[in-house]
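Subject: Structure for your review

Dear colleague,

Please find below the structure that I agreed to pass on to you. My notes on it follow directly after.

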Amino acid sequence: MNTVEKSVITDITLAPQGHLKIDWVKAHMPVLNRIREQFEKEQPFKGLKVAISLHLEAKTAYLAKVIKAGGAEVAITGSNPLSTQDDVCAALVEDGITVFAKYNPDPVEYKELMVKALEIKPDLIIDDGGDLVSILHSERQDLLLNVRGGAEETTTGILRLKAMEKEGELKFPVVAVNDAFCKYLFDNRYGTGQSVWDGINRTTNLVVAGKTVVVVGYGWCGRGVAMRAKGLGANVVVTEIDAIKAVEAYMDGFEVMSMDDAAKVGDFFVTVTGNKDVIRGKHYKVMKDGAILSNAGHFDIEVNKPELLEQSSSVRTVRNNIEEYQLKDGRKIYLLAEGRLVNLAAGDGHPAEIMDMTFALQAMSLKYVNEQYKNIGNKVESVPYELDEQVARIKLESLGINIDTLSEEQRSYLDSWSAH
């Protein structure tokens, strides 16, 4: 069967618009373009099958095409039901990539589409949130046989993988792409910071200046969200469980308080923790009328939706991606994108130039794990610094920026214990 016959998508006739989207991001991803040229010559994945689960939009699509250019047979599925773009899926199918993804499938079909991607019996995987790894280790161990290794995109996924490694359950090596410098310094901070506000602003069409924004969690994503909120003129409050990060947020100029206190003052709330129930029942009871809740973590569990529904007398969709919860006391609380990733479910995700670096790391990490899987063992592996730096250097070259190089004398001085 060809990719059209094998794929499960919404509508192949949407492909022309999808091709335009992919062409646009390709023109703004110089690092990945350089890697594609290398892959076309070297064919590092020749004869191998690769299963990918990522937010299926144009930038992800171009990564899949780069992996295919390296000789792989590629099957791709979504990692969030609301971030899949049907026109992009159709374009990928026309480009010879098998796609199992639709926008907003029901939970059962969403899971089935992930399983279908794994049923190609992949040699390598690229995962987002550890979903493919979880299925392989729990429900479909019969598909583990060929898997050499993989690469993981997110903080949430790496936490799950490290828990599996600690318990001796991980059956193949996975490279922690999220922990690379060129991922969290730029993707998590600048990518999340910009794309979250892209999603919130286009969805609500409300002013941010003068409002109080509560950022829940001050990791690299939280730093970016808070920085951009400040730039938009908001008063920013940060909540944290980590004392060191709380001090950092304070010294960065933000007010720091507990979620119990922040719930009373916030106009916008953005969760970026990767944990569950960081906004929950007791917080809804004290929120302002008209408070707007959004999530930029991973799963739709950071904002506790069952407890919000329990306190509500009615729920209605008042605008695309905005649900209005009418509380029993008359107040209204608004939830964006069903509590899923607001930057992807209600926007286009991170800017192309940012994902250029991240997806370059993904492609190079996949090549690395394929070459080294026998030496790595069944564990979570860091991205080698050499790959991290290579991505940064290609990025600088694409910007026309030159940096300094140590002389032999300077290098010798740094390598010596002597002051002379």
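Helix 3, residues 30-42 of this predicted model, contains 13 residues and spans 19 Å from its first C-alpha to its last. That is close to the 18 Å expected at 1.5 Å a residue. The buried residues of helix 3 are V31, L32, I35, R36 and F39. They occupy an arc of only 135 degrees around the axis, which places them on the same side of helix 3. Among the elements that cover these buried residues are helix 2 (15-26), helix 4 (58-69), helix 16 (352-376) and helix 17 (385-399). Just after helix 3 comes Q43, which adopts a positive phi of about 50 degrees.

Helix 4 deserves a separate paragraph. Its axis and that of helix 3 come within 8 Å and cross at roughly 20 degrees. Angles under 35 degrees count as roughly parallel, and helix 3 and helix 4 are therefore roughly parallel to each other. The crossing of helix 3 past helix 4 is left-handed. On the helix 3 side, the contact is made by L32, N33, I35, R36, F39 and E40; on the helix 4 side, Y62, L63, K65, V66, I67 and A69 take part. Of the helix 3 residues in this contact, L32, I35, R36 and F39 are also buried.

Two of the helices that cover the buried residues of helix 3, namely helix 16 and helix 17, also pack against one another, at an angle of about 140 degrees and with their axes 10 Å apart. This angle makes helix 16 oblique to helix 17. Helix 16 passes helix 17 in a right-handed crossing. From helix 16, the residues E353, M357, A360, L361, M364, S365 and Y368 are involved, and they meet L387, D388, Q390, V391 and K395 of helix 17.

A last point concerns a loop residue. L206 is found in the loop that runs between helix 9 (181-204) and strand 7 (212-216). Is L206 buried, exposed or partly exposed? Its relative accessibility is 43%, and L206 therefore counts as partly exposed, since that class lies between the 20% and 50% limits. When neighbours within four places in sequence are left aside, L206 is in contact with N201, F268 and I292.

Yours sincerely

Note on methods. Residues are numbered from 1 along each chain as its sequence is written. This is a predicted model: local features need pLDDT of at least 70, side-chain atom pairs count only at pLDDT 80 or more; totals for chains, interfaces and linings use all residues. Side-chain values use heavy atoms; hydrogens and water are left out. Helices (H or I, at least four residues) and strands (E, at least two) are DSSP runs, numbered from the N terminus. The expected span of a helix is 1.5 Å times one less than its number of residues. Buried means under 20% relative accessible area, exposed over 50%, partly exposed in between (1.4 Å probe, protein chains only). The arc is that of the directions from the helix axis to the C-beta atoms. Contact means heavy atoms within 4.5 Å. Axes are lines fitted to C-alpha atoms, for helices over the stretch in contact, and angles run from 0 to 180 degrees between N-to-C directions. Angles under 35 degrees count as roughly parallel, over 145 as roughly antiparallel, 65 to 115 as roughly perpendicular and the rest as oblique. A crossing is left-handed if the near helix is turned anticlockwise from the far one by less than a right angle, and right-handed if clockwise.
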